[in-house]
Structures are given as structure tokens and as C-alpha cells.
Amino acid sequence: MMVQFVKDSPHKTVEWTKDSLEDICMGAMCNMAQWQSSREALKRAGAVQCLEKIEGLPGIHGYRVRVIRCSLGALPMQFG
């Protein structure tokens, strides 16, 4: 449901504000990506493809997307 809301959001990503429904969904998905069973659910919901368009954006939303996609195995882990 969260993945679908982010995918179908009527707002442009750059217009998402702190504590907006989109922001809350991204935070929840970021937390879910920490756990194996939740990661599988996110994959089945299409999170990898849905979040791809947001990945390159600067700021907290782009960062969260990179964390989520990395946890789902869609991005290589990078160490500074």
C-alpha cells in the first residue's frame, strides 16, 4: 500500500514536505527494508522499480530511496 501510494502520488517528489503522507511512507519503507520478511514484501509490491525514478534526487528522499534499494539488493553496497 505504501509503495503504491508513493508511486501514484499526485504531488511531484520535490514538493513532498516533512510529515507528508509520502514522507511518512518513505520513512516506513526505510524501516521495513531492515528486516528480511519485510524486504520480501517490499520486493513483491514493486518497490525496486517504483523508487528508481526518485533515487537520483538530492536530499532526504533520495537518500532514503538509496538505502531502501540497497537493502533490497538493487544497488551495490558502497563504503566511503
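Let's start with the outward side of helix H3. The face of H3 turned away from its buried side carries two exposed residues, Ser37 and Arg44. Keep in mind as we go that this is a predicted model.

So which residues of H3 are buried? H3 covers residues 36-44, and its buried residues are Ser38, Arg39 and Leu42. Going around the helix axis, they cover an arc of only 105°, so they sit on the same side of H3. And what covers those buried residues? The cover includes helix H1 (2-7), helix H2 (21-32), helix H4 (47-52) and helix H5 (60-71). Just past the helix, H3 is followed by Gly46, which has a positive phi, near 90°.

Okay, let's zoom out to the protein chain. How many helices and strands are there? The chain has five helices and zero strands, and reading along the sequence you get α-α-α-α-α. The radius of gyration is 12 Å, close to the 12 Å that the globule rule gives for 80 residues, so the chain is as compact as a globular protein of that length. If you want a feel for the dimensions, the C-alpha atoms fill a box of roughly 30 × 30 × 20 Å along the principal axes.

A few more numbers for the chain. Of its 80 residues, 39% count as buried. Take the contacts with a separation of 6 or more: 49% of them are between residues 24 or more positions apart. The accessible surface comes to about 5,200 Å², and carbon and sulfur atoms make up 57% of that. As for charges, there are 10 positive and 8 negative ones, and the mean positions of the two sets are 5 Å apart.

Now let's visit some individual residues, going back to the loop between H1 and H2. Asp19 is found in that loop. What is phi for Asp19? Phi is near 70°, a positive value in a residue other than glycine. For background, most residues other than glycine have a negative phi. Is Asp19 buried or exposed? Asp19 is exposed, because its relative accessible area is 54%, and the cut-off for exposed is over 50%.

Thr17 has its place in the loop between H1 and H2 too. With 48% relative accessibility, Thr17 counts as partly exposed. Try drawing a line from Thr17 to Cys30: they are 13 residues apart in sequence, and C-alpha to C-alpha they are 17 Å apart in space.

Next stop, helix H1, where you'll find Phe5. Phe5 is partly exposed, with a relative accessible area of 28%. Which residues does Phe5 touch, leaving aside its neighbours within four places in sequence? Phe5 is in contact with Leu21, Glu22 and Cys25. Take Leu21 from that list: Phe5 and Leu21 are 16 residues apart along the chain, and their C-alpha atoms are separated by 8.5 Å.

Last one: Gln49, over in helix H4. At 55% relative accessibility, Gln49 counts as exposed. Where this residue gets interesting to look at is its distance to Val3: the two are 46 residues apart in sequence and 9.9 Å apart in space, C-alpha to C-alpha.

If you're opening the model for yourself, go back to H3 and look at both sides: Ser37 and Arg44 on the face turned away, and Ser38, Arg39 and Leu42 as the buried residues.

Conventions
Residues are numbered from 1 along each chain as its sequence is written. This is a predicted model: local features need pLDDT of at least 70, side-chain atom pairs count only at pLDDT 80 or more; totals for chains, interfaces and linings use all residues. Side-chain values use heavy atoms; hydrogens and water are left out. Helices (H or I, at least four residues) and strands (E, at least two) are DSSP runs, numbered from the N terminus. The radius of gyration is taken over C-alpha atoms; the globule rule is 2.2 Å times the number of residues to the power 0.38. Buried means under 20% relative accessible area, exposed over 50%, partly exposed in between (1.4 Å probe, protein chains only). Contact means heavy atoms within 4.5 Å. Accessible areas come from the Shrake-Rupley method with a 1.4 Å probe; for residues, only the protein chains shown count as cover. Lys and Arg count as positive and Asp and Glu as negative; His and the chain ends are not counted. The place of a charge is taken as NZ of Lys, CZ of Arg, CG of Asp or CD of Glu. The arc is that of the directions from the helix axis to the C-beta atoms.
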